Amino acid sequence: MFVNAKEMLQKAAKEHYAVAQININNLEWTKAALTTAQEQKSPIILGVTGGAAKYMGGFATVVAMAKTMDKCLGITVPVAIHLDHGSYDECIACVEAGFTSIMFDGSHFPFEENVAKTKEMIALAHKNGLTLEAEVGAIGGEEDGVVGNGDVADPAECKAIADLGVDFLAAGIGNIHGVYPDNWTGLNFDVLTKVAEVTGGLPLVLHGGTGIPAEMIQKAISLGVAKINVNTECQLAFAAATRKYIEDGGDKKGKGFDPRKLLAPGAEAIKKVVKEKFELFGSVGKA
(Lines give C-alpha, C1' and ligand atoms only; values in the text may rest on other atoms or scores of the structure.)
Protein backbone atom coordinates (compact mmCIF):
# COMPACT_ATOMS: atom_id res chain seq x y z
CA MET A 1 0.00 0.00 0.00
CA PHE A 2 1.86 3.07 -1.27
CA VAL A 3 1.48 6.27 0.74
CA ASN A 4 3.54 9.33 1.48
CA ALA A 5 5.64 9.22 4.63
CA LYS A 6 3.84 11.81 6.77
CA GLU A 7 1.49 9.64 8.81
CA MET A 8 3.94 6.78 9.34
CA LEU A 9 6.68 9.10 10.60
CA GLN A 10 4.42 11.19 12.81
CA LYS A 11 3.19 7.95 14.42
CA ALA A 12 6.78 6.74 14.84
CA ALA A 13 7.87 10.00 16.46
CA LYS A 14 4.89 9.94 18.83
CA GLU A 15 5.39 6.32 19.85
CA HIS A 16 9.22 6.45 19.94
CA TYR A 17 10.25 3.98 17.28
CA ALA A 18 11.80 4.55 13.86
CA VAL A 19 10.80 3.58 10.34
CA ALA A 20 13.57 2.03 8.26
CA GLN A 21 14.44 3.51 4.91
CA ILE A 22 15.89 0.59 2.96
CA ASN A 23 17.62 1.79 -0.16
CA ILE A 24 16.84 -0.41 -3.16
CA ASN A 25 19.19 -1.21 -6.03
CA ASN A 26 17.35 -3.78 -8.15
CA LEU A 27 14.37 -6.13 -8.27
CA GLU A 28 15.81 -8.48 -5.63
CA TRP A 29 16.33 -5.60 -3.18
CA THR A 30 12.80 -4.33 -3.70
CA LYS A 31 11.18 -7.73 -3.29
CA ALA A 32 13.27 -8.54 -0.20
CA ALA A 33 12.36 -5.23 1.44
CA LEU A 34 8.64 -5.45 0.68
CA THR A 35 8.17 -9.08 1.68
CA THR A 36 10.06 -8.61 4.94
CA ALA A 37 7.98 -5.55 5.79
CA GLN A 38 4.81 -7.55 5.17
CA GLU A 39 6.05 -10.52 7.23
CA GLN A 40 7.00 -8.25 10.14
CA LYS A 41 3.95 -5.98 9.82
CA SER A 42 6.24 -2.98 9.66
CA PRO A 43 5.90 0.26 7.69
CA ILE A 44 8.83 0.82 5.33
CA ILE A 45 10.35 3.49 3.13
CA LEU A 46 12.03 2.40 -0.10
CA GLY A 47 14.92 4.78 -0.68
CA VAL A 48 16.12 5.49 -4.21
CA THR A 49 19.19 7.56 -5.08
CA GLY A 50 19.63 9.19 -8.45
CA GLY A 51 22.42 6.75 -9.27
CA ALA A 52 20.35 3.71 -8.32
CA ALA A 53 17.45 4.98 -10.43
CA LYS A 54 19.74 5.43 -13.42
CA TYR A 55 21.02 1.86 -12.96
CA MET A 56 17.45 0.51 -12.85
CA GLY A 57 16.35 2.39 -15.97
CA GLY A 58 15.04 5.68 -14.63
CA PHE A 59 12.74 7.00 -11.92
CA ALA A 60 9.56 5.97 -13.76
CA THR A 61 10.89 2.42 -14.16
CA VAL A 62 11.55 2.18 -10.42
CA VAL A 63 8.04 3.40 -9.56
CA ALA A 64 6.42 1.00 -12.02
CA MET A 65 8.41 -1.95 -10.67
CA ALA A 66 7.84 -1.15 -7.01
CA LYS A 67 4.13 -0.32 -7.23
CA THR A 68 3.31 -3.28 -9.46
CA MET A 69 5.29 -5.62 -7.22
CA ASP A 70 3.50 -4.21 -4.17
CA LYS A 71 0.15 -4.99 -5.76
CA CYS A 72 1.08 -8.44 -7.08
CA LEU A 73 2.60 -9.55 -3.77
CA GLY A 74 -0.45 -8.38 -1.84
CA ILE A 75 1.51 -5.98 0.37
CA THR A 76 -0.81 -4.29 2.87
CA VAL A 77 1.66 -2.43 5.11
CA PRO A 78 2.33 1.29 4.44
CA VAL A 79 5.12 1.78 1.89
CA ALA A 80 6.63 5.07 0.75
CA ILE A 81 8.93 5.36 -2.26
CA HIS A 82 11.35 8.15 -1.46
CA LEU A 83 14.05 10.01 -3.38
CA ASP A 84 17.26 9.98 -1.33
CA HIS A 85 19.59 13.02 -1.47
CA GLY A 86 17.82 14.49 -4.47
CA SER A 87 18.99 17.45 -6.48
CA TYR A 88 16.59 20.18 -7.57
CA ASP A 89 16.07 18.56 -10.99
CA GLU A 90 15.79 15.04 -9.56
CA CYS A 91 13.04 16.17 -7.19
CA ILE A 92 11.01 17.53 -10.08
CA ALA A 93 11.59 14.31 -12.05
CA CYS A 94 10.44 12.17 -9.13
CA VAL A 95 7.24 14.14 -8.66
CA GLU A 96 6.48 13.53 -12.32
CA ALA A 97 7.45 9.84 -12.09
CA GLY A 98 5.03 9.08 -9.25
CA PHE A 99 7.22 8.97 -6.14
CA THR A 100 5.29 9.46 -2.91
CA SER A 101 8.08 11.26 -1.04
CA ILE A 102 11.24 13.19 -1.90
CA MET A 103 14.34 14.49 -0.19
CA PHE A 104 15.74 17.77 -1.41
CA ASP A 105 19.37 17.95 -0.32
CA GLY A 106 20.38 21.58 -0.39
CA SER A 107 22.90 21.20 2.43
CA HIS A 108 25.82 22.00 0.11
CA PHE A 109 24.32 25.39 -0.84
CA PRO A 110 24.83 28.58 1.18
CA PHE A 111 22.12 28.51 3.86
CA GLU A 112 19.97 31.24 2.31
CA GLU A 113 19.93 29.38 -1.01
CA ASN A 114 19.11 26.11 0.77
CA VAL A 115 16.13 27.86 2.40
CA ALA A 116 14.88 29.33 -0.87
CA LYS A 117 15.15 26.09 -2.84
CA THR A 118 13.71 23.98 0.00
CA LYS A 119 10.73 26.32 0.24
CA GLU A 120 10.10 25.86 -3.49
CA MET A 121 10.40 22.06 -3.21
CA ILE A 122 7.97 21.98 -0.26
CA ALA A 123 5.34 23.78 -2.35
CA LEU A 124 5.86 21.39 -5.27
CA ALA A 125 5.74 18.28 -3.08
CA HIS A 126 2.67 19.29 -1.08
CA LYS A 127 0.80 20.40 -4.19
CA ASN A 128 1.19 16.86 -5.50
CA GLY A 129 0.53 15.03 -2.22
CA LEU A 130 4.15 14.08 -1.51
CA THR A 131 6.13 14.48 1.70
CA LEU A 132 9.43 16.33 1.71
CA GLU A 133 12.63 15.75 3.67
CA ALA A 134 15.28 18.46 3.90
CA GLU A 135 18.83 18.41 5.24
CA VAL A 136 20.87 20.73 7.44
CA GLY A 137 24.51 19.91 8.12
CA ALA A 138 25.99 17.72 5.37
CA ILE A 139 26.27 14.01 6.14
CA GLY A 140 29.89 12.85 6.03
CA GLY A 141 31.47 9.87 4.32
CA GLU A 142 34.61 8.49 2.74
CA GLU A 143 36.17 9.55 -0.54
CA ASP A 144 39.59 8.46 -1.81
CA GLY A 145 40.55 7.24 1.65
CA VAL A 146 39.79 10.54 3.38
CA VAL A 147 37.19 10.15 6.10
CA GLY A 148 35.08 13.01 7.41
CA ASN A 149 33.04 12.73 10.60
CA GLY A 150 30.22 14.70 9.06
CA ASP A 151 29.14 18.29 9.67
CA VAL A 152 27.19 19.04 12.83
CA ALA A 153 24.00 20.94 12.14
CA ASP A 154 23.26 24.36 13.62
CA PRO A 155 20.01 24.05 15.64
CA ALA A 156 19.01 27.57 14.65
CA GLU A 157 19.31 26.66 10.97
CA CYS A 158 17.34 23.47 11.64
CA LYS A 159 14.53 25.54 13.14
CA ALA A 160 14.53 27.89 10.15
CA ILE A 161 14.20 24.97 7.73
CA ALA A 162 11.60 23.23 9.90
CA ASP A 163 9.51 26.40 10.06
CA LEU A 164 9.21 26.34 6.27
CA GLY A 165 6.89 23.34 6.59
CA VAL A 166 9.10 20.35 5.82
CA ASP A 167 7.64 16.99 6.81
CA PHE A 168 10.84 15.55 8.28
CA LEU A 169 14.38 16.78 8.71
CA ALA A 170 17.83 15.23 8.37
CA ALA A 171 20.23 16.97 10.75
CA GLY A 172 23.91 16.10 10.69
CA ILE A 173 25.01 14.97 14.16
CA GLY A 174 28.34 13.36 13.29
CA ASN A 175 26.81 10.52 11.30
CA ILE A 176 28.36 9.41 8.00
CA HIS A 177 27.49 7.30 4.99
CA GLY A 178 29.15 3.95 4.52
CA VAL A 179 31.26 1.95 6.95
CA TYR A 180 32.20 3.84 10.11
CA PRO A 181 35.97 4.12 10.78
CA ASP A 182 37.59 2.95 14.01
CA ASN A 183 38.31 6.56 15.01
CA TRP A 184 34.68 7.70 14.66
CA THR A 185 33.74 9.81 17.67
CA GLY A 186 30.06 8.87 17.81
CA LEU A 187 26.78 10.75 17.48
CA ASN A 188 26.46 14.22 19.01
CA PHE A 189 23.43 13.79 21.26
CA ASP A 190 23.68 17.32 22.66
CA VAL A 191 23.04 18.72 19.19
CA LEU A 192 20.28 16.17 18.53
CA THR A 193 18.56 17.18 21.77
CA LYS A 194 18.70 20.88 20.84
CA VAL A 195 17.46 20.21 17.30
CA ALA A 196 14.53 18.18 18.64
CA GLU A 197 13.66 21.00 21.05
CA VAL A 198 13.67 23.81 18.49
CA THR A 199 11.85 21.85 15.78
CA GLY A 200 8.90 21.06 18.06
CA GLY A 201 8.50 17.33 17.60
CA LEU A 202 9.17 17.25 13.86
CA PRO A 203 10.24 13.70 12.85
CA LEU A 204 14.03 13.65 12.53
CA VAL A 205 16.10 11.50 10.19
CA LEU A 206 19.36 9.65 10.82
CA HIS A 207 21.36 8.98 7.68
CA GLY A 208 24.24 6.51 7.69
CA GLY A 209 22.47 3.85 9.77
CA THR A 210 25.03 1.15 8.96
CA GLY A 211 27.39 0.37 11.81
CA ILE A 212 26.05 2.74 14.47
CA PRO A 213 26.02 0.84 17.80
CA ALA A 214 22.57 -0.36 18.88
CA GLU A 215 22.59 1.69 22.07
CA MET A 216 23.27 4.89 20.08
CA ILE A 217 20.46 4.02 17.67
CA GLN A 218 18.02 3.52 20.52
CA LYS A 219 19.09 6.73 22.26
CA ALA A 220 18.67 8.67 19.01
CA ILE A 221 15.15 7.27 18.63
CA SER A 222 14.32 8.31 22.19
CA LEU A 223 15.41 11.86 21.32
CA GLY A 224 13.21 12.24 18.24
CA VAL A 225 14.71 10.27 15.36
CA ALA A 226 11.80 8.61 13.52
CA LYS A 227 13.48 7.52 10.27
CA ILE A 228 16.80 5.71 9.87
CA ASN A 229 18.43 5.05 6.51
CA VAL A 230 20.10 1.71 5.74
CA ASN A 231 21.99 0.95 2.53
CA THR A 232 25.62 -0.17 2.89
CA GLU A 233 24.80 -2.95 5.35
CA CYS A 234 22.43 -4.59 2.87
CA GLN A 235 25.01 -4.24 0.10
CA LEU A 236 27.70 -5.89 2.21
CA ALA A 237 25.39 -8.75 3.20
CA PHE A 238 24.31 -9.29 -0.42
CA ALA A 239 27.92 -9.33 -1.62
CA ALA A 240 29.08 -11.73 1.09
CA ALA A 241 26.25 -14.21 0.46
CA THR A 242 26.77 -14.08 -3.30
CA ARG A 243 30.51 -14.57 -2.91
CA LYS A 244 29.98 -17.60 -0.67
CA TYR A 245 27.53 -19.18 -3.13
CA ILE A 246 30.05 -18.90 -5.96
CA GLU A 247 33.09 -19.90 -3.89
CA ASP A 248 31.17 -22.96 -2.70
CA GLY A 249 30.56 -23.87 -6.36
CA GLY A 250 26.82 -23.30 -6.25
CA ASP A 251 26.82 -21.83 -9.74
CA LYS A 252 28.37 -25.03 -11.13
CA LYS A 253 25.83 -27.43 -9.66
CA GLY A 254 22.97 -28.23 -12.02
CA LYS A 255 21.44 -24.94 -13.16
CA GLY A 256 22.96 -23.01 -10.28
CA PHE A 257 24.09 -20.39 -12.79
CA ASP A 258 20.46 -19.36 -13.28
CA PRO A 259 20.26 -15.80 -11.89
CA ARG A 260 17.17 -16.76 -9.93
CA LYS A 261 19.34 -19.25 -8.01
CA LEU A 262 22.56 -17.25 -8.16
CA LEU A 263 21.01 -14.17 -6.54
CA ALA A 264 18.75 -16.01 -4.06
CA PRO A 265 21.32 -16.22 -1.20
CA GLY A 266 21.99 -12.49 -1.50
CA ALA A 267 18.29 -11.70 -1.43
CA GLU A 268 17.85 -13.81 1.72
CA ALA A 269 20.81 -11.99 3.29
CA ILE A 270 19.09 -8.67 2.63
CA LYS A 271 15.89 -9.94 4.24
CA LYS A 272 17.85 -10.92 7.35
CA VAL A 273 19.39 -7.45 7.65
CA VAL A 274 16.05 -5.72 7.10
CA LYS A 275 14.36 -7.88 9.75
CA GLU A 276 17.14 -7.07 12.22
CA LYS A 277 16.71 -3.35 11.55
CA PHE A 278 12.95 -3.50 12.07
CA GLU A 279 13.55 -5.18 15.42
CA LEU A 280 16.25 -2.71 16.47
CA PHE A 281 14.23 0.32 15.38
CA GLY A 282 11.08 -0.98 17.14
CA SER A 283 8.81 -0.93 14.06
CA VAL A 284 7.72 -4.59 14.09
CA GLY A 285 3.93 -4.80 14.32
CA LYS A 286 3.49 -1.04 13.89
CA ALA A 287 1.84 -1.17 10.46
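Biologist: Why is H85 called partly exposed?

Modeller: In this predicted model, H85 has a relative accessible area of 24%; since buried means under 20% and exposed means over 50%, the value for H85 falls in between, and the residue is therefore called partly exposed.

Biologist: Where does H85 lie, and what is notable about its phi?

Modeller: H85 belongs to strand β3, and its phi is near 50 degrees, a positive value in a residue other than glycine. Most residues other than glycine have a negative phi.

Biologist: What makes H16 count as exposed?

Modeller: The relative accessibility of H16 is 52%, and because the cut-off for exposed is over 50%, H16 counts as exposed. This residue lies in the loop between α1 (6-15) and β1, and H16 also has a positive phi, near 60 degrees.

Biologist: How do you know that α2 is largely enclosed by the rest of the structure?

Modeller: Ten of the 14 residues of α2 are buried, so the helix is largely enclosed; among them are W29, T30, A32 and L34. The buried residues of α2 pack against β1 (19-23), β2 (44-48), α4 (59-72), β3 (79-86), α10 (232-247) and α12 (264-281).

Biologist: How does the reach of α2 from its first C-alpha to its last stand against what is expected at 1.5 Å a residue?

Modeller: Helix α2, residues 27-40, reaches 20 Å, which is close to the 20 Å expected for its 14 residues. Just after α2, K41 takes a positive phi of about 50 degrees.

Biologist: What makes N26 a cap for the N-terminal end of α2?

Modeller: A side-chain oxygen of N26 lies 3.1 Å from the backbone nitrogen of E28, and because a polar contact needs a pair of N or O atoms within 3.5 Å, that distance of 3.1 Å satisfies the cut-off.

Biologist: Why is the aromatic pair of W29 and F238 called tilted?

Modeller: The rings of W29 and F238 are 4.8 Å apart centre to centre, with 40 degrees between the planes; because pairing needs centres within 6.5 Å, and planes under 30 degrees apart count as stacked and over 60 as edge-to-face, the rest being tilted, these two rings form a tilted pair. The pair links distant parts of the chain, with W29 in helix α2 and F238 in helix α10, 209 residues apart. W29 is buried at a relative accessible area of 5%, and F238 counts as buried at 14%.

Biologist: Why, then, is the pair of F59 and F99 called edge-to-face?

Modeller: The planes of F59 and F99 are 85 degrees apart, with the centres at 5.7 Å, and because an angle over 60 degrees counts as edge-to-face, the pair takes that name. F59 lies in helix α4 and F99 in the loop between α5 (88-97) and β4 (101-104), so the pair ties together parts that are 40 residues apart in sequence. F99 is buried, with a relative accessible area of 3%, and F59 is buried as well, with 14%.

Biologist: How do you know that the charged end of K117 sits over the ring of F109?

Modeller: The charged end of K117 is 4.9 Å from the centre of the F109 ring, and because the cut-off is within 6 Å, together with a limit of 35 degrees from the ring normal, the distance is admitted and the charge is listed as sitting over the ring.

Biologist: Which residues touch the most other members of the largest nonpolar core?

Modeller: Of its 74 residues, L46, F99, I102, L132 and L206 touch the most other members, while α12 gives the most to this core, with six residues.

Conventions: Residues numbered from 1 in each chain as written. Predicted model: local features only at pLDDT ≥ 70, side-chain atom pairs only at ≥ 80, totals over all residues. Heavy atoms only, no water. Helix = DSSP H or I, 4+ residues; strand = E, 2+ residues; numbered from the N terminus. Expected span 1.5 Å × (residues − 1). Buried < 20%, exposed > 50% of the residue type's maximum accessible area, 1.4 Å probe, protein only. Contact = heavy atoms within 4.5 Å. Polar contact = N/O pair within 3.5 Å; in protein donor to acceptor, adjacent residues only side chain to side chain. Core = buried A, V, L, I, M, F, W, Y, C linked by side-chain atoms within 4.5 Å. Phe/Tyr/Trp six-rings, centres within 6.5 Å; stacked < 30°, edge-to-face > 60°.
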